[in-house]
Amino acid sequence: MIDRRTDAKRRLPPLPNAVEGNVVTRLPPEPSGFMHIGHALSGLINYLYKEMYGGKVWLRFEDTDPRKVRPEYYDSYRDGYSWVGIRWDHEKNNSDDMELFYRNARRLVEGGKAYACTCGRDEMRRLRSDGIPCDHRSQPPEVNLELWDGMLEGRYSEGEVSLRLVGDMSSTNTTLRDPVIMRVVDAVHPLTGDRYRVWPTYDYAVSIEDAICGITHVLRTSEFMLRDELQNLIRRYLGMSNPTFVEYERFEFEGTPVSRREIRSLIERGLVSGWNDPRLATIASIRRRGILPQALKEFVERYVALTQSRKVYSWDLLYAINRRHVDDLASRMFFVKDPMKLKLDGIGELDVDLPLHPTRNLGNRRLRVTGEFYVPAEDLKTVGEGGRVRLKHLCNFTLKSVTDKLAEGVAELGPPEPGLKVIQWVPVNEAVEVQVLIPGRLFNPDGAFNEESLEIVNGIAERTVNSLEVGSHVQFERFGYCVKDSLPKTFILSHR
RNA sequence: GCUCCGGUAGUAUAGUCCGGUCAAGUAUGCGGGCCUCUCGAGCCCGAGACCCGGGUUCAAAUCCCGGCCGGAGCACCA
């Protein structure tokens, strides 16, 4: 018997209607923009359930709006999902199945479940909103077929004719009010070029695809909730079976925009540097700032709930998990912010080997010391003249004098003296200048842009940091976990 | 405006379906301590919540009604 009060080993809750060995889920990105953390979390949910029960996951691109789809985004999702550790069993694009959508559309028309409508956009919107059917709804099937064939043959231009489902014009669920299922789009598709100009709409394409992919569980965010009924109706007309739906609220993080529109506007206004700005929550951003995929996975298992309540996560929740993962692989190095020069008597020239990690066997780095160091000014000032301090792994010293520019002291090499403040240091002859970018929240709780969202800290680091590869994790002792960035001399703080 | 959905500590959640074992568990954050040659990791202790008002009941976080607050949908986008 498990104590219900402990969730130390918390996992995803059981999936309704799940059959062991046969849970088929899907990753359904629209390749029209960059992948962000919300996609990753949702993708992980779909993947982890498939792993939990055994089954398959599909990667299926929802690319039926040629105007929005861009070729580069297909890869952005493939890369992103792979990076978070998802391995999908099958991959396809909705745009692969145009003939299938056409065939089924014809079946619907023939069966009286769809009709060709020539109402203008505004007219259609008005009637739908009032719940009133238009005359086209009661056209004889021959007329509908004639018009449908005309669409396929290219006799109509965009907006002139569209194929509509016979739904329920008076339903309170407005998605059911005879939605358009096929329409003419005069745009070149990145995958199919100009081969097709009649495209399915989302609900129609998804209904059919979910059925033919054998999806057993649709796990998605709740903006789709009202669509369940419509999609089931389409499948009923077509004699296809329905999946189980599990819908949950979108995942947001405090002070961080999620919508592409918002992000684009920040970029255009120059408030962030681009789609991979470390303050953003795109996959490119969180990778760049050192969030590990394992941390995302653990985050899903520990903190995600498949409920409809609003979720705005605190970044701290993710950081705490990430910190534990990163702690094992981050080399320890010295970085001094607001440095002050310290001259120590009693130390000659010598080479010292310092461990790269306190507990793991990551090896050492060697520093040559001469008696002149950069150390944090603040530490010396708090200790004051006459005070005693420890340079970590090196020596104890007594501070003799401190001015604004220089401090002097007398050192004794040897083991640490209990009770002394232990500080990091960089030999003057081993010093390199670096900057650390500290990303913060982009928006304050009141919604205003946070002018201090990116802090830049300049300081001195030990030369060893030059040998770090871009993307590698390092812990600047007494400062925080950072990632070596591709920008020259730059590190990005992951978190303290 | 119409239609849905939600509201447990600062944050995320467990518990809500099948009312009592919940004077409400966990994680994170916060305060304190231990340990440690880091302000990290690890360990221990502490403070901190059932949106409001009615009702039903011996008993309500859990059921009912009303209110308030929040979110979503209402495209020939997905």
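By domain bounds I mean those that come from an automatic or database domain assignment. On that basis, chain A is divided into domain 1, residues 109-200, and domain 2, residues 331-495. The C-alpha centres of domain 1 and domain 2 are 67 Å apart. Please bear in mind throughout that this is a predicted model.

Let me turn to helix α5, residues 141-152. How far apart should the ends of this helix be? At 1.5 Å a residue, its twelve residues should span 16 Å, and the end C-alpha atoms are indeed 16 Å apart, so the two values agree.

Next, the surroundings of this helix. Asn144, Leu145, Leu147, Trp148, Gly150 and Met151 of α5 are buried. Among the elements that cover these buried residues are helix α3 (98-110) and the strands β4 (114-117), β5 (162-165), β6 (180-184) and β7 (198-200). Just after α5 comes Gly154, with a positive phi of about 85°.

My last topic is strand β18, residues 388-391. Which strands pair with β18, and in what sense? With β19, residues 395-402, the pairing is antiparallel and extends over four bridges. With β21, residues 421-423, the pairing is parallel, and three bridges join the two strands.

Arg390 appears in both pairings: it stands opposite Asn396 in β19, and its bridge partner in β21 is Val422. Finally, the hairpin of β18 and β19 has three residues between its strands, and in this hairpin His393 takes a positive phi near 65°.

Key: Residues numbered from 1 in each chain as written. Chains lettered and ligands numbered in written order. Predicted model: local features only at pLDDT ≥ 70, side-chain atom pairs only at ≥ 80, totals over all residues. Heavy atoms only, no water. Expected span 1.5 Å × (residues − 1). Buried < 20%, exposed > 50% of the residue type's maximum accessible area, 1.4 Å probe, protein only. Contact = heavy atoms within 4.5 Å. Pairing = 2+ DSSP bridges.
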